[in-house]
Amino acid sequence: MSVKDPEDVAGAKVSQGFGSYGMKRTYVRLDSGRLNKEGTKFFVSYARAYEKKYNSSSPDFMQNVDSKLVQPLGERARMSLFFNWSNAEVWNYSDNSLEMLDKIGWRTANFYPNYAGAYAAGLWGQTNGAAGALPAGALPAGWQNVSTTYGTAFYDAGQATVDYLTGLHLDIDITDRLKWHGLLYGHKDDTHTVVGDPYDSSTTGAPLAEDVWHLQQQRGGFTTSFTYDYRKHHIETGVWFENNRQETAFNAVNQPVLGQGKPVSVTGPYDTYGLLYPIYHYQWNTNTFQYHLMDVYKPLDNLQLTYGFKSMLQTTSGGAQAGFSKLAHGTLTSSAAFLPNVNLVWRFMKHHELYFDVAETMRPYSVAARGSYTSPWGVSTQDLFEQNHSKLRPEKDWVYVVGYRYTSKKIVASVAAYHADISHRLLSASVGSINNPVSTVIDSRKASMYGVDASLNYYPFKWLGIMNSISYNHMTYGAHVNACPLDGNCDLYGKKMVAYPSIIYKTGMDFHYQGFSANFSANYFSKRYYSLVNDTSVHPYWFTSAGASYDFGKISVLKNVKVNFTVYNLLNQKYVSMMGENGFPVSGDYQSLQRGAVREFFGTISASY
């Protein structure tokens with residue numbers, strides 16, 4: 001929740017971005033400068049962005065306001081108040097399966113604003129995808145060749161979100177050695193997530209409906225900590241408390257008959273044609289408490305030892321509300337009284353250092369409604385929740401890292417090895433359609449991860465830098481756990497983690513001369529497993545980008561005048577970016593992938609006053 005402080009001198013900054021597919025981004029910031037001898041100052045900024053999809057005309061629109069006031073309270077205390085408001089209206093890209101990418105290509109798009117096309121898909125669905133049920137050309141080519149047929153893409157998908165975040169910081173130097181830091185904050189989120197539903201028919205007579213999730217969250221809390229410097233020790237202790245109230249309702253609403261009204265879409269209104277039927281309604285209340293104590297001890301100038309622990313307690317109560325008693329509801333607590341962490345850094349020679357770190361961590365239970373989510377409340381029935389209640393444990397991990405660093409003017413190099421023992425990681429196993437998945441949450445019990453990271457940055461000249469890094473990761477599940485949500489034996493033992501490549505390689509160059517700079521980067525990502533039992537995967541790929549900028553410095557009354565230009569996905573590589581947004585399949589394929597963006601061009605002009 002850190003927000004950059006206002007500047008001491010009054011001024012303004014403006015930048016204007018532009019790019020492919022109608023992209024425009026405007027940013028304006030105003031700084032008051034120091035308003036009095038005490039040092040009162042503030043800033044206000046506004047940003048506005050717009051961009052169309054690369055495969056359709058559906059837009060993304062986002063705007064936000066940031067502000068911060070800083071008020072010194074004498075020589076030893078300072079207060080700061082910050083506020084953020086943001087609004088987003090985003091139309092999502094369509095979800096894909098491996099079959100879709102293979103048989104109908106990489107540019108499958110949702111229909112919006114083509115309601116007639118979505119309507120035709122709904123009519124086709126009423127015939128169960130029968131051949132010849134619609135005139136030729138009524139649907140995109142190839143849809144009859146994939147198992148998702150009329151559900152290959154929807155009328156629309158996206159979300160409309162409004163967020164408010166505010167907070168008050170207090171920092172007091174009680175003595176030269178003892179300092180106190182405090183933060184009081186509050187956050188409110190209101191989101192409507194919308195997905196066209198070709199699998200349902202409206203009571204108006206339309207052969208499709210609209211699914212609307214309404215998510216609301218109100219959370220508030222505080223952090224408070226003390227730091228104390230004593231000889232070679234820097235000691236810190238503090239607590240964090242937060243209350244989080246969350247609510248989510250899922251309803252299917254009616255769409256109009258073609259030509260008889262404006263369709264319901266991402267930005268609403270959502271109840272124009274009435275409620276089709278409610279699907280669920282959940283409410284939760286979560287209290288989180290955390291305490292930490294740590295000491296940074298430097299017995300020698302070249303030796304630093306950091307050690308400490310944290311304690312965490314989180315309790316969540318709630319779940320499905322009245323009318324949905326067959327869905328999951330109840331109370332779960334995650335607790336850990338002692339989560340230690342020890343870190344040692346030894347600079348044993350000039351330019352050379354060794355480090356070691358060991359820590360135990362805990363991941364409290366997450367909160368989510370029925371569907372493809374790794375939450376205890378995400379199961380399909382109350383019976384499954386009660387069965388899991390006595391068996392599930394919050395995830396706890398032991399992580400060990402040992403490494404070496406070399407730092408000089410021309411070479412910065414490092415190599416690190418790590419190992420993690422993972423206990424009780426929750427997984428979501430899904431089958432069925434993405435609008436109506438059959439899923440359960442399973443405890444993987446234990447898993448093991450190890451890997452190596454290495455990097456070498458070389459600066460042969462002041463104006464040139466060459467960067468290289470490579471990482472290898474190997475994670476496998478270590479218990480015989482059946483992941484099948486319905487029947488069968490889907491043993492996870494020895495299977496690798498989904499969605500994460502074993503090998504990542506990155507290389508790049510930076511060039512700068514006076515006001516001009518340029519850069520190029522290329523990244524390699526190896527195969528990523530898609531299904532939990534590893535019988536499907538996503539191909540490896542290379543990703544490249546390049547950019548250049550020129551800093552003109554001061555021009556007349558303007559300062560820091562700068563232009564930059566970037567090419568994203570330089571070689572126009574086809575690749576899968578997001579995986580598992582609707583959950584991961586236990587075995588085989590599932591409509592839960594999104595492709596990465598095509599080659600795009602972006603530029604920005606900025607200046608300050």
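**Exercise 1. Place Asn582 in the fold and work out whether its side chain is buried or exposed.**

Start with the address: Asn582 sits in the loop that runs between strand S26 (576–579) and strand S27 (584–585). Strands here are DSSP runs of E, at least two residues long, numbered from the N terminus. Before going on, note that this is a predicted model, where local features need pLDDT of at least 70, side-chain atom pairs count only at pLDDT 80 or more, and totals for chains, interfaces and linings use all residues. Residues are numbered from 1 along each chain as its sequence is written, and side-chain values use heavy atoms, with hydrogens and water left out.

Next, accessibility: Asn582 comes out at 17%, so it counts as buried (under 20% relative accessible area, with exposed over 50% and partly exposed in between; 1.4 Å probe, protein chains only).

Last, look for a partner: a polar atom of the Asn582 side chain lies 3.1 Å from the backbone oxygen of Gln591.

**Exercise 2. Find the largest pocket and say which residues lie closest to its centre.**

First, the rule. On a 1 Å grid over the protein atoms alone, a pocket is an open set of points with protein on both sides within 12 Å along at least five of seven lines, while a cavity is a set where a 1.4 Å probe fits but cannot get out; lining residues have an atom within 4 Å of a point. Grid points are joined across faces, edges and corners, and a volume is the space filled by probe spheres set on the points.

Now the result: the largest pocket has a volume of about 1,100 Å³. It is lined by 47 residues, and Asn92, Thr193, Tyr373, Glu581 and our friend Asn582 are the closest to its centre. Strands that each supply at least two lining residues include S7 (178–197), S10 (275–300) and S26.

**Exercise 3. Track down the disulfide and give its handedness.**

Searching the whole structure turns up one disulfide (a pair of cysteine sulfur atoms within 2.5 Å). Cys484 is joined to Cys490, with S to S at 1.7 Å. The torsion about their S-S bond is about 45°, so the disulfide is right-handed. Both Cys484 and Cys490 are buried.

**Exercise 4. Which strand gives the most to the lining of the largest cavity?**

Count cavities of 30 Å³ or more and you get five. The largest cavity holds about 80 Å³ of space. Its lining includes Asn473, His474 and Met475. The top contributor is strand S19 (residues 464–477), with three residues.

How values were computed: Helices (H or I, at least four residues) and strands (E, at least two) are DSSP runs, numbered from the N terminus. A polar contact is a pair of N or O atoms within 3.5 Å; within protein, one must be able to donate a hydrogen and the other to accept it, and residues adjacent in sequence count only if both atoms are side-chain atoms.
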